[in-house]
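Let's take a walk through this one, starting with the overall fold and then dropping into a few spots inside. Have the viewer open and follow along.

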Amino acid sequence: MTRQNEYHCDVLIIGSGAAGLSLALQLADHAKVLVLSKGPLREGSTLYAQGGIAAVFDENDSIASHVNDTLIAGAGLCDEAAVQFTAEHAKEAMQWLIEQGVPFDQYHDTDGSLKYHLTREGGHSHRRILHAADATGQAVQITLVDQVKQHPNIQLLENYNAIDLINGSKLGLDAKRCYGAYVWNKTRAKVETIKAHFVALATGGASKVYLYTSNPDVASGDGIAMAWRAGCRVANMEFNQFHPTSLYHPDAPNFLISEAMRGEGAYLCRPDGSRFMPEFDERAELAPRDIVARAIDYEMKRLGANCLYLDISHQPKDFIIEHFPTIYAKCLSVGIDISRQPIPVVPAAHYTCGGVLTNLNGQTDLHNLYAIGEVAYTGLHGANRMASNSLLECVVFAQAAAKHILSQLAADARYADIAPWDESRVSDSDEEIVITHNWHELRLFMWDYVGIVRTNKRLERALHRVELLQSEIHDYYSHFRLSHNLLELRNLAQVAELIIRCAMARKESRGLHYNLDYPNLLSSSKPTVLTPEPGPLNLAIPP
């Protein structure tokens, strides 16, 4: 901090998951980097990712096959250049993670050589998933955190909320350039300013907008909302992936049952023990997630069931414990022995396939602003993300963004003159309960009206309600001092609106978006792109 409430850095990275930390480490030998973490450094979606990371390591596999599988899973909306770019750089990205010390599972081949154990997940035609047992994200996160803590050029700020990006609209400078960010120091309850030559959003997705989600509490769409307010386009927000198998148990909410379990032979069953996936898709349990989630949703509604079941008890107990130690232990802690009985499961909001529009360098519509990982729309996922391409995207595009930033970094660049945050016109709130009520209302109507299956009427109702909430939130934001919950609610409401508007614009059912009023595919389909209109609500300035 150079003066009270102000920081300077070459690159500000907002987010501390796989994307943000990978970018920091790629930059830090040549730039002064500041990483902003909303909570503790390890907290975030990366920590909870179970399955693994896709890359071609098997001689019987190919990049072309990885590309083709991704295109099929993306239901015709993937950007082929982005898919090709990601698959081509996948092995390089994994080798970089290995060099950082990520302990991917290995085994001795028949000739005695040590090889990486590759598993298979839904949508993949080959075994190409590198993993660390069933806690790959945890292994990646812990490894990268250890590395960034040791680097002298990386400054870490934990328990900070980003409020808004600072563009040049009120600085007398380029309105389409990013100069830093206003941030909320939760410990001091103060707004601080970070001046940066480059800013990278690595804030993850927005699944907390739904009542039931596998994501941690930090996944409130902050980066998407901030980028939109600052003038960036967003795309494909209607495609929110619902993970088919979240554990259904009151003592273990938000706990995922990895898709890798189905890859290793687990069956989805009705309460009577009968399988149903072969009736919905010839790939059965290995069908893409959107198909599996809709099948479960359909069967639950048809039967009036609170949950369905995932059964791997036909596999040897030692095999189950070796491959899924985390899931085995978690289920056992709530009284479910998965080696002897099926696991109760329900779908849960899991991954945001859309996001801030970027190119293959991670650049957004604002000069010097980048977006990488789940916050971004690169075109890789199309209408449905294929399993184990998400962590891959984080690392591949972190490397691409790092190369581009370093090529643009000027040693003599000057920081913009940014006014401190002005709180002279606001007061302390005595109505915090309003935030709590609006929070619950938002997440409930998003689940009911903009969930796995949608209709025009549901979407219209959702839009009407979110617009009313946004009006209340803006009034509250303009008159009272900031709080963590207010910032998250403001961002969630903005993201909810973007999801609804994208869903209303798509007059078909494709991938993760299923509308009963438009059940068929259009013969020609394109990504849904929203462009913000300039106005007071889109300016990155204090109220």
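A residue counts as buried here when its relative accessible area is under 20%. By that cut-off, buried residues make up 59% of the 543 residues in the chain. Keep in mind that this is a predicted model.

Now for the overall picture. The chain carries 15 helices and 20 strands, and its C-alpha trace spans about 65 × 55 × 50 Å along the principal axes. A compact globule with 543 residues would have a radius of gyration near 24 Å, and the chain comes in at 23 Å, so the two agree. If you look at contacts between residues at least 6 apart in sequence, 74% of them join residues at least 24 apart.

What about the outside? The chain exposes about 21,000 Å², with carbon and sulfur atoms supplying 48% of that area. Charge-wise, there are 48 positive and 63 negative side chains, and the centres of the two sets lie 4 Å apart.

Moving inside, the largest nonpolar core has 79 residues, and the members that touch the most others are Leu 12, Ile 14 and Met 446. Helix H15, residues 484–505, gives the most to this core, with 12 residues. Zoom in on Ile 14: setting aside neighbours within four places in sequence, its contacts include Leu 36, Ala 162, Leu 165, Val 199, Leu 201 and Met 226. There's also a second, separate core of 49 residues, with Ala 28, Ile 154, Tyr 370 and Val 396 among them.

Met 226, one of the contacts of Ile 14, takes us to helix H7, where it is one of the buried residues. How much of H7, residues 222–230, is buried? The count is 9 of the 9 residues, so this helix is largely enclosed by the rest of the structure. The buried set isn't just hydrocarbon names, either: Asp 222 and Arg 229 are among them, along with Trp 228. Just after H7, Gly 231 takes a positive phi of about 115°.

Val 396, from the second core, leads to one last stop, since Thr 86 touches it, as well as Leu 380, Leu 392 and Phe 397, not counting residues up to four places away in sequence. Thr 86 is found in helix H4, residues 80–88. Is Thr 86 buried or exposed? Its relative accessible area is 2%, so it's buried. Thr 86 and Val 67 are 19 residues apart in sequence, and their C-alpha atoms are 8.6 Å apart in space.

Key. Residues numbered from 1 in each chain as written. Predicted model: local features only at pLDDT ≥ 70, side-chain atom pairs only at ≥ 80, totals over all residues. Heavy atoms only, no water. Helix = DSSP H or I, 4+ residues; strand = E, 2+ residues; numbered from the N terminus. Rg over C-alpha atoms; globule rule 2.2 N^0.38 Å. Buried < 20%, exposed > 50% of the residue type's maximum accessible area, 1.4 Å probe, protein only. Contact = heavy atoms within 4.5 Å. Areas by Shrake-Rupley, 256 points an atom, 1.4 Å probe, with all protein chains shown as cover. Lys, Arg positive; Asp, Glu negative; His and termini not counted. Charge placed at Lys NZ, Arg CZ, Asp CG, Glu CD. Core = buried A, V, L, I, M, F, W, Y, C linked by side-chain atoms within 4.5 Å.
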